Amino acid sequence: VLFSTSSLLAQKKMTFSTLGISQGLSNSLVYDIVEDKNGFIWIATSNGLNRYDGYTIKKFQNDPLDSNSISFNKITSIVAVNDGLFLGTRGGGLIFYNNETDIFSKIEAEDSVMQNQILGIFDLSMDYEGTLWLATGKGIIKYHPQTNKFVELKYSKNGEQLSTLSFNIQKILITKDQDVYAASNGGGLF
């Protein structure tokens, strides 16, 4: 559902229109939407990524015969950056889309334990330093794009260092003051 706030300001009335499968959307289960620096609206669905230019929808889905296509279709979160998009997936890990080359690349962790931890991403958020925070079913993971390194976030409780791996983290919020909040499924708010 799309709405225009300009009509809200001018006439105190909102206008709604729907983008669904009949308008070209790859799936009606939408997890996230963002606008990139070029004004495109990117829509994460359970069956691929969609780019909306205000008129038409272009679908990006896995093509097993094309190594440059998106590697996994269940996209749950999007973060737009200058040169593309970071995509979180539920089951396929972290993907980067380069908007200059139109190529998708799966970002692999150096070891299999970390790779397993980043498979199920519920949410992505980027801080002012360019570090990507991943909310996963196995805790909070930080990804440093400059060094291509993943780091498991630990926290301290009563002086003891603990892992977030036992928490199913659903959402990450980074405030303007760079405070980080994490919403968990059953563990409260960190």
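Start by selecting strand 11 (residues 121-126) and strand 12 (residues 132-136), which pair in the antiparallel sense over 5 bridges. Strands here are DSSP runs of E with at least two residues, helices are runs of H or I with at least four residues, and both are numbered from the N terminus. Two strands count as paired if DSSP finds at least two bridges between them. Before you go on, note that this is a predicted model, in which local features need pLDDT of at least 70, side-chain atom pairs count only at pLDDT 80 or more, and totals for chains, interfaces and linings use all residues. Residues are numbered from 1 along each chain as its sequence is written, and side-chain values use heavy atoms, with hydrogens and water left out.

**Stop 1: the hairpin of strands 11 and 12**

Label Asp-123 and look across to strand 12: its bridge partner there is Ala-135. Then move to the turn, where 5 residues lie between the strands and Gly-130 takes a positive phi near 90°. Now colour strand 11 by accessibility: 5 of its 6 residues are buried. Buried means under 20% relative accessible area, exposed means over 50%, and partly exposed is in between (1.4 Å probe, protein chains only).

**Stop 2: the sheet 3-4-5-6**

Select strands 3, 4, 5 and 6 together. These 4 strands form an open sheet in the order 3-4-5-6, with antiparallel pairing. Its edge strands are strand 3 (30-35) and strand 6 (57-60), each of which pairs on one side only. Neighbouring strands of this sheet are turned by 20° against each other on average, direction ignored. For such angles, axes are lines fitted to C-alpha atoms (for helices over the stretch in contact), and angles run from 0 to 180 degrees between N-to-C directions.

Walk through the sheet strand by strand. Strand 3 and strand 4 (residues 41-45) are antiparallel partners over 5 bridges; pick Val-30 and you will find Thr-45 as its bridge partner in strand 4. Keep Thr-45 selected, since Gly-48 is its bridge partner in strand 5. Strands 4 and 5 pair in the antiparallel sense over 5 bridges and form a hairpin with 2 residues between them.

How many residues of strand 5 are buried? In strand 5 (residues 48-52), 5 of its 5 residues are buried. Show the side chains, bearing in mind that in a regular strand they alternate between the two faces of the sheet. Here Gly-48, Asn-50 and Tyr-52 point one way, while Leu-49 and Arg-51 point the other way, and all are buried.

Next, step across to strand 6, which pairs with strand 5 in the antiparallel sense over 4 bridges. Arg-51 has Lys-58 as its bridge partner there. The hairpin of these two strands has 4 residues between them, and Gly-54 takes a positive phi near 100°.

**Stop 3: the sheet 7-8-9-10**

Now select strands 7 to 10. Another 4 strands form an open sheet, in the order 7-8-9-10, and the pairing is antiparallel. Strand 7 (75-81) and strand 10 (103-107) stand at the edges with a single partner strand each, so one side of each is left without a neighbour in the sheet. From one strand to the next, the twist averages 25°. Zoom in on strand 9 (residues 94-98) and strand 10, an antiparallel pair over 5 bridges, and find Tyr-97 opposite Phe-104 in strand 10.

**Stop 4: toward the end of the chain**

Go to Asp-177, in the loop between strand 17 (169-174) and strand 18. Is Asp-177 buried or exposed? Asp-177 counts as exposed, because its relative accessibility is 59%. Draw a distance to Asp-127: the two C-alpha atoms are separated by 9.9 Å, although the residues are 50 apart along the chain.

Finally, select Leu-189, in the segment after strand 18 (180-184). Leu-189 is exposed, with a relative accessible area of 60%. Add Leu-173 and Tyr-181 to see a nonpolar surface patch of about 310 Å² of accessible area together.

**Zooming out**

Show the whole chain: its secondary structure comes to 2 helices and 18 strands. Buried residues make up 38% of the 190 residues.

How values were computed:
Patch = residues over 30% accessible without salt bridge, like charges linked within 9 Å, V, L, I, M, F, W, Y side chains within 5 Å. Areas by Shrake-Rupley, 256 points an atom, 1.4 Å probe, with all protein chains shown as cover. Salt bridge = Lys/Arg side-chain N within 4 Å of Asp/Glu carboxyl O.
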